[in-house]
Amino acid sequence: MGETTEQSDDRLHRRGLMFILSSPSGAGKTTLSRMLLAKDTEIKLSVSATTRTPRLGEIDGVHYHFVSDAEFDQMVEEDDFYEWAHVFGHRYGTPKGKIRAAMKDGQDFLFDIDWQGTQQLYQKDQQDVVRVFILPPSIEELHRRLAGRATDSDIVIAARMERARAEISHWDGYDYVIINDDVNLCFEKVHAILEAERMKRARQTGLIPFVRGLMGGH
Ligand code: 5GP
């Protein structure tokens, strides 16, 4: 009995992965991240540090670690980041924290980071990184989503569109690209990618002793 449990635990052991979700703002990435974290208990959000101020409803330590410029400088100095970048006038970075150790134990991490951070993580760690890019269904729909409140000026909206276009131009630096026509369908696709990537042979470290057992058995 005990042996069976131990064997199946071994068999299930795998290395965690770094699941990156990027998109222009307005493509539905925040909703998709939340859905993924709610539905899948094996993936945790990597909470970034940022120098921007919190928006309404954002909680320090949950959505971001909100830090001052001086604190960010110190983190850079102490080599606390996997990657960091300037994004739209603020700095954002992925703290190393306990990610490495947790990944060895099979913990997956979700990264809501931009294309610059994606490139840096990929350069450091190709094996563990899975890059997913979400596109809006059309430029009109993106405009509609970015127009937001009626009080926003045309200049503000035009600036948001410009940023979105700049982000979209990096779509070809990703492994998977999904058009978000329908958020539920898009979520299913994102989740299917995660499930498939978990089954990659190289990640299933527990398979080696398992298969050895199969081959040595009667
Ligand atoms: P927001 O200020 O709207 O939360 O995020 C702005 C942009 O910064 C988004 O594209 C988001 O993915 C990106 N971002 C958030 N955290 C990080 C990070 O740690 N590193 C990098 N490179 N980009 C980040």
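Student: Which helix gives the largest share of the lining of the largest pocket, and what makes it a helix?

Tutor: The largest share, 6 residues, comes from α2. α2 spans 29-39, and a helix is a DSSP run of H or I with at least four residues, numbered from the N terminus, so α2 counts as one. The model is predicted, with local features needing pLDDT of at least 70, side-chain atom pairs counting only at pLDDT 80 or more, and totals for chains, interfaces and linings using all residues. Residues are numbered from 1 along each chain as its sequence is written, and side-chain values use heavy atoms, without hydrogens and water.

Student: What makes a residue part of the lining of the largest pocket?

Tutor: On a 1 Å grid over the protein atoms alone, a pocket is an open set of points where a 1.4 Å probe fits, with protein on both sides within 12 Å along at least five of seven lines; a lining residue has an atom within 4 Å of a point. The largest pocket has 46 such residues, and S25, T30, R52, R55 and Y64 lie nearest its centre.

Student: How do you know which pocket the ligand takes?

Tutor: A molecule sits in a pocket if more than half of its atoms lie within 2 Å of its grid points. The space taken by the ligand is the largest pocket.

Student: Why is the pair between R52 and the ligand called a polar contact?

Tutor: A polar contact is a pair of N or O atoms within 3.5 Å; within protein, one must be able to donate a hydrogen and the other to accept it, and residues adjacent in sequence count only if both atoms are side-chain atoms. An N or O atom in the side chain of R52 is 2.6 Å from an oxygen atom of the ligand, so the pair qualifies.

Notes. Helix = DSSP H or I, 4+ residues; strand = E, 2+ residues; numbered from the N terminus.
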